[in-house]
Amino acid sequence: MAYFVSTLAPRYPGDAILGAERAASGLDSAALSRHLLVRDNFLARQERVLNVLRAERLFRKEYVMNLSRPERYHLGLARAKAIRRLGKKHDWDHDDYNMAEYLNDEPSPFFLHMTMFATTIREQGSAAQNKFWMPETLSHDIIGCYAQSELGHGSNVKGLETTATWDPATHEFQIHSPYLTASKWWNGGMGRTATHAIVVAQLLLPRNPHLPASPDAWAADAEDYVSHGPHPFIVQIRHLVSHQPLPGIVVGDIGPKYGYASMDNGYMLFDRVRVPKSAMLSRYAEISNDGTLLRRGHPKMVYGSLTFVRAQIVMHARLVLARAVTVAVRYCAVRRQFGDRDRDRDHDGERHADAPTSSMSCQTEKNDVQGESATSELQVLNYPTVQIRVLPLLATTFALHYTGEYMYSLYHGSRETIEKGDFGPIAALHSASSGLKSLCTTLAADGIETCRRAMGGHGFGGGSGLVGLNADTHPRISKRWTVEMDGRPIPSRRRHGVNISTPSYLSKPTVEGDNWMITQQVAAYLIKKTTYCIDNPTLVPQDPTEELLHTYLRNRTRHIPLTFIAADGSIDDDSIVRIFAWRTAALAYAAYEKRVREKKPWTSLMIQLHNLSHAYSFYILVANFHSALSSSSVMSLFHPTPSVLRTCFRLFSLHTLSQFSTSFLLTDAISREAVETLDGRILELMQELRPHAVKLVDAWAIPDWLLDSALGRYDGKVYEDLFDRAHRQNPLNDTTFNVDWRSDEIVLGSGDGGKHLLAKL
Ligand SMILES: Cc1cc2nc3c(=O)[nH]c(=O)nc-3n(C[C@H](O)[C@H](O)[C@H](O)COP(=O)(O)OP(=O)(O)OC[C@H]3O[C@@H](n4cnc5c(N)ncnc54)[C@H](O)[C@@H]3O)c2cc1C
């Protein structure tokens with residue numbers, strides 16, 4: 001019977017539908033791709049590295065979802081090693097490696113090695129430590145991980161319980177886990193892979209350096225020692241030949257979690273493990289021979305690089321969201337459900353016997369055996385209830401893009417000032433990047449789930465490509481590789497270039513600063529700025545935030561709520577930006593009143609502060625998108641691309657206005673009349689955008705190999721691929737089962753009485 005299914009075709013061809021979609025839009029998606037992905041030669045690099053990986057059997061994706069969790073780690077390690085070998089063979093530079101990780105699309109057990117491990121040594125190690133550790137790190141003769149979080153503490157780094165106690169007698173540190181909750185936990189690559197770890201531990205020094213205490217005395221009498229806070233130490237944790245844990249160290253993998261199957265996130269405890277003085281990374285702090293702590297340099301430099309990591313996250317978020325939206329737009333264009341209820345009626349509601357098919361449906365009709373046109377069913381992307389979930393997210397990918405570009409320029413603009421020792425720009429950068437990390441990763445993570453649901457039942461299947469995107473996609477969450485693989489340093493501009501790999505999105509709102517927690521830093525910054533502007537009403541604003549607050553303070557008492565509709569009925573884009581600015585300033589002022597004037601407890605204001613941070617970040621997204629529209633790089637794109645991007649700007653902005661209309665109304669940012677028109681305007685904008693949706697997602701140039709999605713494939717052959725995955729690529733279908741409840745046998749004819757199963761339990 002195999003011939004029967006192999007000759008069947010879908011009732012309507014997905015490739016013709018997507019072909020018609022592409023033909024109906026005049027947008028040049030290739031030119032838009034080049035505009036969006038110009039940085040670091042992205043498109044050519046993607047093509048080149050993709051060709052290498054695609055040719056390797058080890059990187060085939062077909063059967064991966066059917067592997068068990070231990071098998072996923074085996075495969076993850078095999079692929080991590082293969083990428084190293086391929087890189088050597090093809091003379092890859094760091095961007096090529098980065099691209100390979102992105103396309104491989106799963107968390108690599110080596111990931112933390114070249115990111116947090118290498119970066120921490122480079123940034124926090126002394127010159128001597130760099131000279132000693134970097135060659136071994138770059139050659140991968142040692143494999144490192146980053147052990148900061150513990151069972152009991154993650155966000156609260158000051159609360160870490162692992163101790164590093166100075167022994168004045170031997171000039172060593174004793175690394176110890178005094179409680180179960182001191183166990184290192186979650187640390188990527190530590191479970192089964194790493195030979196070395198950056199261990200962040202409380203630095204304990206004798207209270208009186210001249211009265212030597214011993215580390216053991218600390219356990220007996222904590223009074224003898226004083227904590228100087230968490231510091232990074234480099235510690236060997238496994239033997240380089242036997243790969244067994246070194247004496248005094250208990251280390252292993254923490255077990256299954258949401259996705260991340262190929263990564264060995266670990267736990268680790270120390271039983272008074274002695275490490276030399278040189279283990280403490282000492283660029284900014286060192287222990288003198290008499291046991292006193294010498295601090296040097298400016299610790300805010302480290303703060304600056306954290307800011308950079310967060311700034312990159314915005315760029316990651318756009319590609320991740322673009323991937324989910326690509327799948328949703330293509331699938332929802334191919335998928336048809338139900339006819340148009342009104343297709344037999346004219347505008348007056350009269351019925352006509354031979355009414356034409358809805359003008360909304362694609363012109364690829366073919367009469368079928370039932371006498372009814374297959375394409376008389378509507379493309380689900382034409383349903384406004386599908387559009388309202390997918391199209392604003394499509395617009396959001398571009399909003400994220402232009403703010404990512406802005407953050408990139410801002411960081412590099414400020415970097416030189418910071419490197420000269422002027423830390424002035426750090427507070428603004430840190431605040432903007434923290435707020436954007438929180439908002440953009442929330443938008444992307446929620447967006448993936450919204451896209452999945454918009455696709456109905458097939459969105460839930462493995463063929464959607466979204467299972468892996470949510471859970472297993474490579475966690476490029478951290479610092480970019482900061483050194484060439486062959487040891488050549490990367491020029492600082494490139495070192496801090498945009499990292500293209502996509503994060504594993506379920507974890508993203510939690511890692512690199514929990515999204516609900518870091519918004520407090522943004523709110524604190526805005527309250528401080530508001531206080532400053534109130535105390536100095538005549539000062540000339542020095543940055544956009546001060547400008548925003550000054551405008552608000554000057555006009556607060558005579559302000560009339562704004563509208564985004566111009567006198568001629570068109571949308572006034574400048575007013576949209578002003579509306580977002582006003583809400584932000586009004587919320588900052590309200591927070592100032594509560595905290596500074598009324599002295600309300602911080603905790604009681606937390607929800608308000610979180611909302612303030614998101615309002616500020618939305619304002620940044622809207623303002624940057626708006627100014628990009630008048631930039632030469634957008635204006636020089638051929639018609640109709642600039643106007644389609646403007647539609648995206650308006651849809652993103654008005655949809656956000658609609659979602660948070662209460663907040664905009666309560667802050668008098670927008671008039672009630674303007675809010676009443678929002679639904680209608682959003683519908684119009686979605687209709688404007690709809691013909692270009694497929695071409696717009698094409699512009700993100702996400703290869704089918706990376707999408708790994710039957711629903712989102714470029715050629716629209718959705719049903720053929722779904723059936724192929726189920727019928728030909730599903731190993732469960734290769735086994736025949738014994739379903740007789742009286743028998744213990746599970747696999748029919750195996751005669752093992754289910755022993756193979758019991759052996760695994
Ligand atoms: C996939 C994954 C990979 C990881 N990899 C690593 C790694 O390689 N190395 C490493 O060291 N760590 C790693 N981590 C740990 C990660 O950094 C922490 O889990 C993260 O920082 C969150 O900290 P937490 O778990 O302590 O959350 P908690 O701080 O316990 O947060 C719990 C809840 O309390 C809220 N909360 C906490 N404090 C406050 C506050 N002050 N105000 C208001 N609300 C608050 C949070 O918003 C959250 O909702 C990883 C985690 C994951 C999930």
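**Loops, ligand and fold in a predicted model**

Q: Where does Asp-708 lie?
A: Asp-708 lies in the loop that runs between α24 (704-707) and α25 (718-727), and, like everything we discuss here, that placement comes from a predicted model.

Q: Is Asp-708 partly exposed or buried, and why?
A: Asp-708 counts as partly exposed, because its relative accessibility is 24%, whereas buried would need a value under 20%.

Q: And what about phi of Asp-708?
A: The phi of Asp-708 is positive, at about 45°, although the residue is not a glycine.

Q: What is phi of Asp-40, then?
A: Asp-40 has a phi near 55°, which is again a positive value in a residue other than glycine. Asp-40 is found in the loop between α3 (29-36) and α4 (42-54), and with a relative accessible area of 21% it is partly exposed.

Q: Changing topic: which residues does the cis peptide bond join?
A: The cis peptide bond joins His-639 and Pro-640, with omega at about 5°. Pro-640 belongs to the loop between α19 (632-635) and α20 (641-659).

Q: Let's go to the ligand; how many residues surround the ligand, and which are the closest?
A: There are 20 residues around the ligand, and the closest of them are Ser-149, Gly-154, Ser-155, Asp-514 and Gln-520. Sorted by class, that shell holds eight nonpolar, 11 polar and one charged residues.

Q: What is 2.4 Å from an oxygen atom of the ligand?
A: An N or O atom in the side chain of Ser-155 is at that distance from a ligand oxygen. In addition, a ligand oxygen is 3.0 Å from a polar backbone atom of Gln-148, and a ligand nitrogen is 3.2 Å from a polar backbone atom of Trp-186.

Q: How much of the accessible area of the ligand is covered by the protein?
A: On its own the ligand has 970 Å² of accessible area, and the protein covers 64% of that.

Q: You mentioned Trp-186; which side chain has a polar atom 2.6 Å from the backbone oxygen of Trp-186?
A: That side chain belongs to Asn-265, one of whose polar atoms lies 2.6 Å from the backbone oxygen of Trp-186. Asn-265 itself sits in the loop between β7 (249-253) and β8 (266-270), and it counts as buried because its relative accessibility is 4%.

Q: What else is Asn-265 in contact with?
A: Setting aside neighbours within four places in sequence, the contacts of Asn-265 include Trp-186, Asn-187, Gly-188, Gly-189 and Gly-191, and also Gly-252, Asp-253 and Tyr-260.

Q: Gly-188 is in that list; which UniProt annotation covers Gly-188?
A: The unreviewed UniProt entry places a "binding site" annotation on Gly-188. In the model, Gly-188 is in the loop between β4 (184-187) and β5 (196-206), and its relative accessible area of 6% is why it is classed as buried.

Q: What does Gly-188 touch?
A: Not counting residues up to four places away in sequence, Gly-188 touches Leu-112, Cys-145, Met-263, Asp-264 and Asn-265.

Q: Now Trp-700: is Trp-700 buried or exposed?
A: Trp-700 is buried, with a relative accessible area of 1%, and it lies in the loop between α23 (693-698) and α24. Once residues up to four places away in sequence are left out, Trp-700 touches Ser-33, Leu-36, Leu-37, Arg-318, Leu-319, Ala-322, Thr-397, Phe-398 and His-401.

Q: How far apart in space are Trp-700 and Val-540?
A: Their C-alpha atoms are 41 Å apart, with the two positions 160 residues apart in sequence numbering.

Q: And Thr-736, exposed or buried?
A: Thr-736 is exposed, because its relative accessible area is 52%, and the cut-off for that class is over 50%. Thr-736 lies in the loop between α25 and α26 (755-758), where, leaving out residues up to four places away in sequence, it touches Ile-746, Val-747 and Leu-748. From Thr-736 to Ile-746 the C-alpha distance is 8.8 Å, and the two are 10 residues apart in sequence.

Q: Last one, on the whole chain: how many helices and strands are there in the protein chain?
A: The protein chain has 26 helices and 13 strands, and 54% of its 761 residues count as buried. Among the contacts with a separation of 6 or more, 77% are made by residues 24 or more positions apart. The accessible surface of the chain comes to about 33500 Å², and carbon and sulfur atoms account for 55% of it.

Terms used
Residues numbered from 1 in each chain as written. Predicted model: local features only at pLDDT ≥ 70, side-chain atom pairs only at ≥ 80, totals over all residues. Heavy atoms only, no water. Helix = DSSP H or I, 4+ residues; strand = E, 2+ residues; numbered from the N terminus. Buried < 20%, exposed > 50% of the residue type's maximum accessible area, 1.4 Å probe, protein only. Contact = heavy atoms within 4.5 Å. Areas by Shrake-Rupley, 256 points an atom, 1.4 Å probe, with all protein chains shown as cover. Near = heavy atom within 4 Å. Polar contact = N/O pair within 3.5 Å; in protein donor to acceptor, adjacent residues only side chain to side chain. Nonpolar A, V, L, I, M, F, W, Y, C, P; charged D, E, K, R; others polar. UniProt positions renumbered as here; feature names shortened; annotations may be inferred.
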